[in-house]
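The following report describes how the interior of one protein chain is put together and then turns to two individual polar residues. It is meant to be read alongside the sequence and the model.

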Amino acid sequence: MDANLVKRLEAAVLRLEALSAGGFQRGVELEDSGDAAAADPSIVAFDDLISQCVSRVTSAGEKIGGQVLDVSRFIAEAFSVQRELLVKTKQSQKPDMAGLVEFLKPLNEVITKASALTEGRRSDFFHHLKTGADSLAALAWIAYTGKDCGMSMPIAHVEESWQMAEFYCNKILVEYRNKDANHVEWAKALKELYLPGLRDYVKKHYPLGPVWSGTRKIATPAPVKAPTPGAPAPPPPPPASLFSSETTQPSSSHPKEGMSAVFAEINSGKPVTSGLRKVTDDMKSKNRADRSGVVSLPEKEGRAAPPAISKTGPPKLELQMGRKWVVENQTGQNNLVIGDCDAKQSVYVFGCKNSVLQIQGKVNNITVDKCTKMGVVFKDVVAACEIVNCSSVEVQCRGSAPTISVDNTAGCQLYLSKDALEASITTAKSSEINVLVPGAEPDGDLVEHALPQQYVHAYKDGHFETTPVSHSGG
């Protein structure tokens with residue numbers, strides 16, 4: 001028998017034995033993974049991204065330690081998982097929706113663990129945790145399957161995901177720019193990981209999404225039928241009546257009391273005065289030594305205050321009449337997003353607390369009214385952005401805004417991009433207004449300017465001249 005034929009038969013027997021032992025599939029996958037990683041330029045480029053940018057984030061996190069190091073490790077783990085997914089896309093056919101969910105499960109688990117760090121009691125490094133956890137949403141670009149999948153193109157998705165994280169990243173840069181260079185280094189390294197790092201990588205290798213070039217389907221378990229969602233909880237019962245139910249009952253069911261009993265007794269015709277004693281002179285107050293002429297007012301009995309009735313309505317985030325986005329009464333919501341908007345629509349934010357709203361795209365007008373500790377991130381506005389009756393708000397303009405108005409507001413941080421530096425800022429009855437603008441260098445720190453809130457008025461030449469009081473930080 002031919003020696004080559006013998007070797008081929010022996011190899012076939014070995015493969016069959018491996019298959020029966022359950023190790024064939026894993027061995028082939030590992031072999032294919034190693035070949036793809038070594039040969040495919042996109043995998044090599046992703047390895048470079050990890051070694052250059054991700055390692056810089058983890059190195060800066062090690063200098064800080066604690067929770068910052070924890071979220072840095074989750075970021076490194078997420079990028080490592082995405083590398084494995086990129087390798088698998090080159091070995092497998094494009095899955096259906098159920099298969100895609102199962103395919104992305106490892107990445108989703110890491111993102112969930114990172115997001116769990118931001119829950120519970122807010123730590124001293126909350127801004128670091130939010131920046132890191134929110135930034136991982138950019139890795140979901142790998143889920144793009146076409147224009148009808150409901151998400152932006154991969155490049156745009158990476159940029160939009162970083163916009164939400166950048167809101168907290170800027171807070172780190174402002175807080176630590178003169179305190180600790182390690183925190184500034186960590187924030188800058190994280191930004192460069194996504195912009196330009198991941199964005200340029202996706203732009204070069206996967207501008208239209210992942211390439212499913214293999215012929216073998218991904219083995220996925222049978223989808224589990226989702227439980228039928230329960231009916232929504234019934235509305236709370238109406239508040240109890242302010243009046244007692246006893247007042248509505250007929251008076252005949254109760255004995256008469258108080259003045260009603262007195263008048264009833266008088267009208268009865270009985271000698272009601274027969275039991276009264278006659279008042280003698282020594283019983284009169286003017287003749288009694290133990291009584292003074294000073295009339296003292298008794299202390300008023302404390303009246304129980306009626307229960308406070310909350311005027312806060314239900315939370316809203318909706319488009320009304322196709323022209324006005326309404327965001328009302330949102331509390332503790334850091335992931336509010338208005339994505340499908342145009343230049344003819346306006347945005348009205350009212351009564352929100354401890355929340356962050358991101359407005360993607362250009363809108364006509366933005367109004368933030370009666371909000372506390374509210375953050376608003378928007379791209380472009382046609383008319384104006386107005387902040388009225390607010391307290392401790394932060395507004396970031398990433399594009400252009402011709403006019404920004406701040407009225408009756410205490411504590412307002414404005415973050416302006418280079419395109420928004422020509423904006424006209426009008427303030428009235430407001431205090432603690434700071435504007436942060438880009439520095440001279442492209443990657444430099446933000447420069448903070450305090451707007452005057454005190455003015456000097458001097459009467460000269462028949463009219464008053466008004467000049468602002470200078471600020472040391474201006």
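In this predicted model, the largest nonpolar core holds 53 residues, and among these F79, W186, L193, Y194 and L198 touch the most other members. The helices α3 (41–64), α4 (66–89), α5 (97–103), α6, α7, α8 (154–176) and α9 (181–205) each supply at least two residues of this core, and α9 gives the most, with eleven residues. In soluble globular proteins, nonpolar side chains tend to be buried together.

Y194, one of the residues that touch the most other core members, can be followed outward through its contacts: once neighbours within four places in sequence are set aside, Y194 meets I75, F79, S135, L136, A138, V158, W162 and R199. A second core, separate from the one just described, comprises 35 residues, including F378, V395, L414 and V435.

These cores belong to a chain of 474 residues, of which 34% count as buried, and the chain contains ten helices and 14 strands. Among the contacts in the chain with a separation of 6 or more, 40% are between residues 24 or more positions apart. The accessible surface of the chain comes to about 29600 Å², with 54% of that area belonging to carbon and sulfur atoms.

Two polar residues deserve a separate look, and the table sets out their side-chain polar contacts.

| Residue | Partner | Distance |
|---|---|---|
| N365 side chain | T367 side chain | 3.1 Å |
| T118 side chain | S115 backbone oxygen | 2.7 Å |

Where does N365 lie? N365 is placed in strand β5, which spans residues 353–369. Because its relative accessibility is 15%, and buried means under 20%, N365 counts as buried. Not counting residues up to four places away in sequence, N365 touches Q345, S346 and V347 as well as V381, A383, A384 and E386, while the polar contact with T367 joins the two side chains at 3.1 Å.

T118, by comparison, is found in the loop between α6 (105–116) and α7 (126–135). Is T118 buried or exposed? With a relative accessibility of 18%, T118 falls under the 20% limit and therefore counts as buried. Its side chain reaches back to the backbone oxygen of S115 at 2.7 Å, and, with residues up to four places away in sequence left out, T118 touches F126, L129, K130 and A133.

Terms used. Residues numbered from 1 in each chain as written. Predicted model: local features only at pLDDT ≥ 70, side-chain atom pairs only at ≥ 80, totals over all residues. Heavy atoms only, no water. Helix = DSSP H or I, 4+ residues; strand = E, 2+ residues; numbered from the N terminus. Buried < 20%, exposed > 50% of the residue type's maximum accessible area, 1.4 Å probe, protein only. Polar contact = N/O pair within 3.5 Å; in protein donor to acceptor, adjacent residues only side chain to side chain. Contact = heavy atoms within 4.5 Å. Core = buried A, V, L, I, M, F, W, Y, C linked by side-chain atoms within 4.5 Å. Areas by Shrake-Rupley, 256 points an atom, 1.4 Å probe, with all protein chains shown as cover.
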